[in-house]
2 protein chains.
Amino acid sequence: MLRPRRLLILAEGRSGDPHYGKTARGVLRYRPQDVVAVLDSESSATEHEGFPLVRTVDEAQQYEPTAALVGVATQGGRFPPAWRELLKDCIRGGLDVENGLHEFISTDPELAALAREHGVELRDLRMAPPGLNVPTGANLTHGARTILTVGSDCAIGKMTVSLELEREARSRGWRSEFVPTGQTGIAIAGWGISVDAVVADFIAGAAEQLVLEGVERGGEVLFVEGQGSLLHPAYSGVTLGLIHGSAPHAYVLCHKAGERYVDENELFPMPPLSELVDLHERMSLLARPARVLAIALNTRDLDEPAARQAVAETEAETGLPADDPVRFGAGKLVDALEPRSS
Amino acid sequence: MLRPRRLLILAEGRSGDPHYGKTARGVLRYRPQDVVAVLDSESSATEHEGFPLVRTVDEAQQYEPTAALVGVATQGGRFPPAWRELLKDCIRGGLDVENGLHEFISTDPELAALAREHGVELRDLRMAPPGLNVPTGANLTHGARTILTVGSDCAIGKMTVSLELEREARSRGWRSEFVPTGQTGIAIAGWGISVDAVVADFIAGAAEQLVLEGVERGGEVLFVEGQGSLLHPAYSGVTLGLIHGSAPHAYVLCHKAGERYVDENELFPMPPLSELVDLHERMSLLARPARVLAIALNTRDLDEPAARQAVAETEAETGLPADDPVRFGAGKLVDALEPRSS
């Protein structure tokens, strides 16, 4: 990137939707210094989380963006057809495009030709790097302490929890690093591998490589962004590969307070949290048994008294420290992650 | 394939190695009618499991092969460099090439050009089909009974067990189908998807698609070829995605008698079998709890009395029917899979 990164976030049709706007929200919260505007042609609002909300690329030009970021994560990662026109508008408007979906834009002949014509770059955040392979075992010998977020479901805030924990740890003087494993984390941190987009056999190998890069970047405590859930009918394979490849010393288990089903599907009843704690500990890499040290509770659908009650109930049920780090700060959870003196 | 399939099995350097010759051995055992010779330039033998053993492609021509099958499965699925010359010999010798490694040959410019020049076809058995996505839920509604082999480790015979069970079931008049999920299964059955080679997010979706194809092929009882192991440090993600996507009604747990470590690595101590039974049952799709109905024991390293003793000990430990279906027949295991009258 030779020019400064001034992002127009493409939140087309989704700026009001907390689930599908995950990438947009993540960058807005953890990399606001890079954002100049948000685009959603279907919204009538004039601002979004303090940023100007525009309806067209033309309208965005007054804020001098240099790149557009695809801000939605659709089920399965495919592009809705209507989006192609918007991407072409961005390219014609002189913007680079950063894309985190499975469907790549840099290898799309039409978009690539248009990008060449207009001298802009197409960056696929999810494109797997070449040369991946299975783990080497270096995930067990690097010397850093690795903490992985795991969850009872997808899209409940594992990345956010990792970012909040890392920020709090860093403020305490820990030499910590956030290790990004998905497109939003990559968009925020500026490096990483989207482990759900690699060849299935190399999930664990990619996770090992990420952890080693976190160490190279100076991390003595690594906060690895979790993906999916061991319970999720579509994404559990990625979750287990990430667990075994990143070889965490400890987990933080993320859960949305009161959730009765996985994937919002009545066919998938949510097990008790204490059972989930046990299941993750048992599914640890045999060479590195890991414990759940804390529960990060997502209480966004509750009012404050109900949230505090949910936290207390979770602590009573699991016997572990619990908190909502977004709402109440990450202090209590990071306290629980202090390496034991033993 | 317009011409008959007369296979030269390329077992280069591995014809004596039971672990790495998995693809070769599978086709030799379950599709012998397609094999005309085996090639291994490093062997001094003249025959291999009843087939002529040759050292060069020239020497093989007397048996009139139409295709060469890459018969080895290396760790990580990459081609040893020396193999390229052998593949070129095959192509120059007028043979199609079937390849189950991760490294594709059909997209290799040099090999593809040579193949065009000599009018032969390069088939990558592991190449993922286009259009894969996440599961639709049709894995829960198709009406067939699905039985998945799972294992305490890789390369201990899950595919073989599925094939033996299916053959026995068919001989009893069940409308059964073997559902191939890896390159050897595909080489044997002539259809399938190598689930370890798909994009990680689509493992479960690919597994669902395979099960539905098994139903379309007339299967009322599906024997799905298992992959990897929930305990394996590299391949566990594929295993869990396959479990959740194929949504089995029941498991057959495969284990190598006496194995003390996973992946032959002392850092990975093998848990007790009864714990493995419990772990697989707990990791079932929440919408379809599945039980382990039998243990398939690989006793190839034991003499017969020791094998019978291992079977008896396994039954005592787990309370489940156990047997080595390759050595003693699949009858007892298939008895355990009869749908209950309840």
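**Sheets, buried positions and a two-fold pair**

Modeller: Strand E8 (residues 145–151) and strand E11 (residues 250–256) of chain A run parallel and are joined by five bridges. This is a predicted model.

Biologist: What makes E8 and E11 of chain A count as paired strands?

Modeller: Pairing asks for at least two bridges between two strands. E8(A) and E11(A) have five, so the requirement is met. As an example from E11(A), A:Cys254 is the bridge partner of A:Gly151.

Biologist: To which sheet do these strands belong?

Modeller: They are part of an open sheet of six strands in chain A, ordered E9-E10-E8-E11-E12-E13, with parallel pairing.

Biologist: What makes strand E9 and strand E13 of chain A edge strands?

Modeller: Strand E9 (176–179) and strand E13 (322–323) each have a single partner strand, so each has one side without a neighbour in the sheet. Helix H7 (residues 203–216) of chain A packs on this sheet and touches E8, E9 and strand E10 (221–224); the direction of H7(A) makes about 150° with that of E9(A). Helix H10 (residues 304–318) of chain A lies across strand E12 (291–298) and E13, at about 160° to E12(A).

Biologist: Which strands make up the open sheet of seven in chain A, and in what order?

Modeller: The order is E3-E4-E2-E1-E5-E6-E7, and the pairing is mixed. Strand E3 (47–48) and strand E7 (122–124) stand at the edges of this sheet, since each has a single partner strand. Helix H1 (residues 22–30) of chain A packs on the sheet, touching E1, E2, strand E4 (51–54) and strand E5 (67–70), and its direction makes about 150° with that of E1(A).

Biologist: How do you know that E1 and E2 of chain A pair?

Modeller: Four bridges join strand E1 (residues 7–10) to strand E2 (residues 35–39), in parallel. At least two are needed, so the two strands pair. A:Leu8 stands opposite A:Ala37 in E2(A).

Biologist: What can be said of the two faces of strand E6 of chain A?

Modeller: Both faces of E6(A) (residues 96–99) are covered. A:Asp96 and A:Glu98 on one side are buried, as are A:Val97 and A:Asn99 on the other. E6(A) is paired with E5(A) in the parallel sense over three bridges, and three bridges also join E6(A) to E7(A), again in parallel. A:Glu98 takes part on either hand: it is the bridge partner of A:Leu69 and stands opposite A:Arg123 in E7(A).

Biologist: Why is B:Ile9 called buried or exposed?

Modeller: A residue is buried if 20 or more other C-beta atoms lie within 10 Å of its own. B:Ile9 has 33, and is therefore buried. The residue is in strand E1 of chain B. Apart from neighbours within four places in sequence, B:Ile9 is in contact with residues including B:Ala24, B:Val27, B:Leu28 and B:Val35.

Biologist: Why is A:Glu64 called buried or exposed?

Modeller: The limit for an exposed residue is 12 or fewer C-beta neighbours. A:Glu64 has 11 inside 10 Å, so it counts as exposed. A:Glu64 lies in the loop between helix H2 (57–60) and E5 of chain A, and its phi is near 50°, a positive value in a residue other than glycine.

Biologist: And why is B:Glu264 called buried or exposed?

Modeller: B:Glu264 has 12 C-beta neighbours inside 10 Å and therefore counts as exposed. B:Glu264 is in the loop between E11 and H9 of chain B; its phi is also positive, near 55°.

Biologist: How do you know where the buried residues of helix H9 of chain B lie around its axis?

Modeller: The buried residues of H9(B) (residues 273–282) are B:Leu273, B:Leu276, B:Val277 and B:His280. They cover an arc of only 105° around the axis, which puts them on the same side of H9(B). Among the elements that cover them are strand E8 and helix H10 of chain B.

Biologist: What makes the relation between chain A and chain B that of a two-fold axis?

Modeller: A turn of 180° with a shift of 0.0 Å along the axis lays chain A on chain B with an RMSD of 0.1 Å. That is the relation of a two-fold axis. The same surface serves both copies, as 100% of the contact residues of chain A recur in chain B.

Biologist: How many residues of each chain are in contact, and which element of chain A gives the most?

Modeller: 36 residues of chain A are in contact with 36 residues of chain B. On the side of chain A that touches chain B, H8(A) gives the most, with six residues. By class that side has 23 nonpolar, 10 polar and three charged residues.

Notes: Residues numbered from 1 in each chain as written. Chains lettered and ligands numbered in written order. Predicted model: local features only at pLDDT ≥ 70, side-chain atom pairs only at ≥ 80, totals over all residues. Least-squares fit on C-alpha atoms with pLDDT ≥ 70 in both. Contact = placed C-beta atoms within 7 Å. Arc of directions from axis to C-beta. Axes fitted to C-alpha atoms, helices over the stretch in contact; angles between N-to-C directions. Nonpolar A, V, L, I, M, F, W, Y, C, P; charged D, E, K, R; others polar.
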